[in-house]
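Subject: Handing over the structure

Hi there,

Here is the structure I promised to pass on to you. Have a look at it first, and then read on for what turned up in it.

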Amino acid sequence: GVSAVILVAASHRQVPVPGWTGPHVGYLDMTVLWDGSWYRTVALHGYPLHLPVYPASGHVAQNAWAFYPLFPLLSRALMDLTGLAFPVVASTLALVCGLGASMLMAQLLAERVGERVALATVAVWAAFPAAVSLQLAYTESIAMLVLCGVLWAVMRRAWLAAAALVLLLGITRPI
């Protein structure tokens, strides 16, 4: 809620970025700026076959290989399924994963510290200034969902599920 309002307000001051935004920057443009545009590149075009290098120095240039594949792969699958564009799919995917993470986090915490403390903890997590990333085309929300799943599996001694989720986390983000 609040972070969406902040993004909309910030969009009025955001200068259009060729290749990243339209001529008039709106909420959805803001969700795919910065790292989100790299995830969009992976979702739309995949990874480069060869590492690009700067001609003058021979050093590896910025490229999509720095970004983990699960989020853009899921985004692409949802784009193909729904026919919707990356900004809509990716921001919705991030929001849904953030919601799932908050629900699982609340359940895990309630088992240990009670429902009131669990709800307060999740509210603080969701209101933290960096929580804006939970609606951007970033991997934070899906990684938190998978991480909570790992914790859920470990707490229940479901070792195969934990191992599978850890492998999934390994293609999500560097945690």
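Let me begin with a question: which side chain meets Glu140 in a salt bridge? The partner is Arg173, with a distance of 3.4 Å from N to O. Glu140 belongs to helix α7 while Arg173 sits in the segment after α8, so this pair ties together parts that lie 33 residues apart in sequence. Glu140 is partly exposed, at 26% relative accessibility. Arg173 is partly exposed too, and its relative accessibility is 26%. Please keep in mind throughout that this is a predicted model.

**The overall picture**

The protein has 8 helices and 0 strands, so its elements, read from the N terminus, run α-α-α-α-α-α-α-α. The C-alpha atoms fill a box of roughly 55 × 40 × 35 Å along the principal axes. Of the 175 residues, 34% count as buried. If you take the contacts between residues at least 6 apart in sequence, 53% of them join residues at least 24 apart.

**The other salt bridges**

A search of the whole structure finds 3 salt bridges. Besides the pair above, there is one between the side chains of Arg156 and Glu111, at 2.4 Å from N to O. This pair links distant parts of the chain, 45 residues apart: Arg156 is in the loop between α7 (140-155) and α8 (159-170), and Glu111 is in helix α5 (residues 86-113). Arg156 is partly exposed, with a relative accessible area of 32%, and Glu111 is partly exposed at 40%.

Arg76 and Asp80 also meet through their side chains in a salt bridge, at 3.1 Å from N to O. Both residues are in helix α4 (residues 70-82), and because they are 4 residues apart there, about one helical turn separates them. Are these two residues buried or exposed? Arg76 counts as partly exposed, at 30% relative accessibility, whereas Asp80 is exposed, with a relative accessible area of 55%.

**The nonpolar cores**

Now to the inside. The largest nonpolar core has 15 residues, and those with the most contacts inside it are Tyr39, Phe71, Phe86, Ala90, Ala137 and Ile142. Helices α3 (35-45), α4 and α5 each supply at least two residues of this core. Which helix gives the most to this core? That is α5, with 6 residues.

Phe71 is a good place to start looking. Leaving aside neighbours within four places in sequence, Phe71 is in contact with Tyr39, Phe86, Ala90, Leu93, Ala94, Ala137, Tyr138, Thr139 and Ile142. There is also a second, separate core of 6 residues, which includes Leu7, Val25, Met30 and Leu136.

**Two buried loop residues**

Asn63 is found in the loop between α3 and α4. With a relative accessibility of 10%, Asn63 counts as buried, because the cut-off for buried is under 20%. What does the side chain of Asn63 reach? At 2.8 Å lies the backbone nitrogen of Trp65. Apart from residues within four places in sequence, Asn63 is in contact with Trp38, Pro48, Leu51 and Pro52.

Ser133 sits in another part of the chain, in the loop between α6 (115-127) and α7. Ser133 also counts as buried, at 10% relative accessibility. Not counting residues up to four places away in sequence, Ser133 touches Tyr138 and Glu140. Glu140 is the residue from my opening question, where it meets Arg173 in a salt bridge.

**A pocket to look at**

The second largest pocket has a volume of about 160 Å³. Several residues you have already met turn up in its lining, including Ser133, Glu140 and Arg173. The others that line this pocket are Trp125, Phe128, Ala130, Ala131, Leu134, Ala143, Met144, Leu147 and Ile175. Which element supplies the largest share of the lining? Helix α7 does, with 4 residues.

**Where to look when you open the model**

You could begin at Glu140, whose side chain meets that of Arg173, and then turn to the lining of the second largest pocket, where both residues appear. From there, move to Phe71 and the residues in contact with it, among them Tyr39 and Phe86. The loop between α3 and α4, where Asn63 lies, could come next.

Happy browsing, and do write back with any questions.

Best wishes

Definitions and conventions:
Residues are numbered from 1 along each chain as its sequence is written. This is a predicted model: local features need pLDDT of at least 70, side-chain atom pairs count only at pLDDT 80 or more; totals for chains, interfaces and linings use all residues. Side-chain values use heavy atoms; hydrogens and water are left out. A salt bridge is a side-chain nitrogen of Lys or Arg within 4 Å of a carboxyl oxygen of Asp or Glu. Buried means under 20% relative accessible area, exposed over 50%, partly exposed in between (1.4 Å probe, protein chains only). A nonpolar core is a set of buried Ala, Val, Leu, Ile, Met, Phe, Trp, Tyr and Cys residues joined through side-chain atoms within 4.5 Å. Contact means heavy atoms within 4.5 Å. A polar contact is a pair of N or O atoms within 3.5 Å; within protein, one must be able to donate a hydrogen and the other to accept it, and residues adjacent in sequence count only if both atoms are side-chain atoms. On a 1 Å grid over the protein atoms alone, a cavity is a set of points where a 1.4 Å probe fits but cannot get out, and a pocket is an open set with protein on both sides within 12 Å along at least five of seven lines; lining residues have an atom within 4 Å of a point. Grid points are joined across faces, edges and corners, and a volume is the space filled by probe spheres set on the points.
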